[in-house]
Amino acid sequence: MNTQASHIPSITEINQAVELAKKERSEYMAELISALPAKLSAIFRSLAQSAACKVSHSH
């Protein structure tokens, strides 16, 4: 039989955990958004190079 009491978090602990999760999510989203222009630029550059290559091979 388990006689050890389980820890029930207080409202304050729950609120702190929620705030921490919100902060981490915000930081993660900010990192994704800041990386987006470079990723889009690389995609468009790759597409342009691919299109240019196809045009030069068709002539």
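In the predicted model, E19 has a relative accessible area of 48% and is therefore partly exposed, since this value falls short of the cut-off of over 50% for exposed residues. The partner of E19 in a salt bridge is K22, with the closest N and O atoms 3.8 Å apart. K22 is likewise assigned to the partly exposed class, because its relative accessibility is 41%. Both residues lie in helix α1, and because they are three residues apart, about one helical turn separates K22 from E19.

A salt bridge is also found between E27 and K23, where the closest N and O atoms are 3.8 Å apart. These two residues are both part of helix α1 and are four residues apart, about one turn of the helix. E27 counts as partly exposed because its relative accessibility is 41%. K23, in contrast, has a relative accessible area of 51% and is therefore exposed, the cut-off for that class being over 50%. In total, the count for the protein comes to two salt bridges.

The helix that holds these pairs, α1, covers residues 11-58. The secondary structure of the protein consists of one helix and zero strands. Of the 59 residues in the protein, 0% are buried. Because buried means under 20% relative accessible area, the values of 48% for E19 and 41% for K22 lie outside that class. The accessible surface of the protein amounts to about 5600 Å², and carbon and sulfur atoms account for 64% of this area.

Part of the surface is formed by a nonpolar patch of about 490 Å², made by L36, L40, I43, F44 and L47. One of these residues, L36, is located in helix α1. L36 has a relative accessibility of 43% and so counts as partly exposed. This value also satisfies the requirement for patch residues, because they must have over 30% relative accessible area. The residues of the two salt bridges, E19 with K22 and E27 with K23, are not eligible for such a patch, because patches are made of residues with no salt bridge.

Key. Residues are numbered from 1 along each chain as its sequence is written. This is a predicted model: local features need pLDDT of at least 70, side-chain atom pairs count only at pLDDT 80 or more; totals for chains, interfaces and linings use all residues. Side-chain values use heavy atoms; hydrogens and water are left out. Buried means under 20% relative accessible area, exposed over 50%, partly exposed in between (1.4 Å probe, protein chains only). Accessible areas come from the Shrake-Rupley method with a 1.4 Å probe; for residues, only the protein chains shown count as cover. Patches are made of residues with over 30% relative accessible area and no salt bridge: like charges are joined within 9 Å, nonpolar side chains (Val, Leu, Ile, Met, Phe, Trp, Tyr) within 5 Å. A salt bridge is a side-chain nitrogen of Lys or Arg within 4 Å of a carboxyl oxygen of Asp or Glu.
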